Amino acid sequence: MISEEYLYAIALRECSHIGDINFKKLVKTFGSAEEAWKRGRKEYKKLEGMGLKTVSDIGNEEHLKYAEKELIFCEKNNINIRLRHLQEIPFLLNECPDAPAIIYQKGNSGDSVRKLSIVGTRNMTLYGKQFINDFFEATQSASYVSVSGLALGIDKEVHEVSLQYRRPTIAVLAHGFQFLYPSKNKKLSEKILQEGGALLTEFSSSRKPDRENFIQRNRIVAGISPSTIVVETGFGGGSVSTAAFANEYNRDVFALPGKITDVFSQGCNQLIFHHKATAISTIKDLINLLGFNKHEMKMEELFPHSESTIQLTDNQNKIYQFIKGNPQISLDDMSQKIEVSAHKILPIILELELLGKVKSFSGRQFIAI
């Protein structure tokens, strides 16, 4: 029987103004999700930086009914519910300030085994495919679990080649367990579980794979591992956001450089050029940097290219102009003032840094340059 703490945690997380950071504040103040649910609205003045509007949805019986249905769904479908405040989520992920309050999990995430996140474009080329296959072949004797996002292209190749070498792999989903996106990967998801891997998501069962969920998903891919490898990505591709989160969490980021004429190497080249990722020169060197150290396979030396000139998009220009008008503003203050969540702003700021338009300082502060 699942403890009532899980019931109240799900209900609390469903409240319209309670994200992961506010959830953490509530639990820290009141001691548990159950107490936060029962007392948060009445005693909101105890909560630093949270007003009546933020807590107004706490206690809504509809959320409690939803949570009851969610528990039933999870029990029927062998889904484990893991709560951050009970120290149940992967320990590296738990270190992240915006880690999910709840993780829904099928399978075994291998908490005691090192993770390695490998991500990239849906438009994989033969170059990226060859790198992935060479890397897994060269690291057969190393102990790690691969992590990716179950998308088509690079993600799919990572999961499939990992299984080919009998290595468990974790797929982080951008939706709840009532869905599987893309549907083409249904058999792959089943095989991941059969071979001792896991499917993870922070989204409750009925959440659809909406566009904004994918960037939110990427912070888990970055946060769960000490290192992230970006294989191929265009400038501004989804993997750039994964790299942004990994940098924010002080994790190692590696990128596979490519020709300056190759569209799907552009993002990797820019990450390297702006010191947001270490260039992968040979597989042997990468293995040494990852601390695996026992392999001799080599690869041709590859080099980064000079910065490209790209016109700002509307979103980039909006953030740039705001930073320009508010020097050294913090990420949290910016998020509040423009009413856009921090996890959506951060990848745009990274893009602006790559373009040489913004500079970051410690404490998540930024200035326009």
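Helix H5 covers residues 61-76 of this predicted model. At 1.5 Å a residue, its 16 residues should span 22 Å, and the end C-alpha atoms are 23 Å apart, so the expected and computed spans agree. At the start of H5, the backbone nitrogen of Glu62 has a side-chain oxygen of Asn60 within 2.9 Å. After the helix comes Asn78, with a positive phi near 55 degrees.

Which residues of H5 are buried? They are His63, Leu64, Ala67, Glu70, Leu71, Phe73 and Cys74. An α-helix has 3.6 residues a turn, so residues three or four places apart point the same way. The cover over the buried residues of H5 includes two helices, H1 (4-14) and H3 (33-39), together with strands S1 (80-83) and S2 (102-107).

Strands S1 and S2 lead on to the sheet. Its nine strands are arranged in the order S1-S2-S6-S5-S4-S3-S7-S8-S9, forming an open sheet with mixed pairing. S1 and S9 (278-279) are the edge strands, each pairing on one side only. S9 runs parallel to S8 (residues 252-255), and two bridges join them. One bridge links Ala255 with its partner Ala279 in S9.

Helices also pack on this sheet. Helix H10 (residues 211-223) touches S2, S3 (115-119), S4 (145-148), S5 (169-172) and S7 (227-230). The direction of H10 makes about 155 degrees with that of S5. Helix H11 (residues 238-248) lies across S3, S7 and S8, and runs at about 155 degrees to S7.

Terms used: Residues are numbered from 1 along each chain as its sequence is written. This is a predicted model: local features need pLDDT of at least 70, side-chain atom pairs count only at pLDDT 80 or more; totals for chains, interfaces and linings use all residues. Side-chain values use heavy atoms; hydrogens and water are left out. Helices (H or I, at least four residues) and strands (E, at least two) are DSSP runs, numbered from the N terminus. The expected span of a helix is 1.5 Å times one less than its number of residues. Buried means under 20% relative accessible area, exposed over 50%, partly exposed in between (1.4 Å probe, protein chains only). Contact means heavy atoms within 4.5 Å. A polar contact is a pair of N or O atoms within 3.5 Å; within protein, one must be able to donate a hydrogen and the other to accept it, and residues adjacent in sequence count only if both atoms are side-chain atoms. Two strands pair if DSSP finds at least two bridges between them. Axes are lines fitted to C-alpha atoms, for helices over the stretch in contact, and angles run from 0 to 180 degrees between N-to-C directions.
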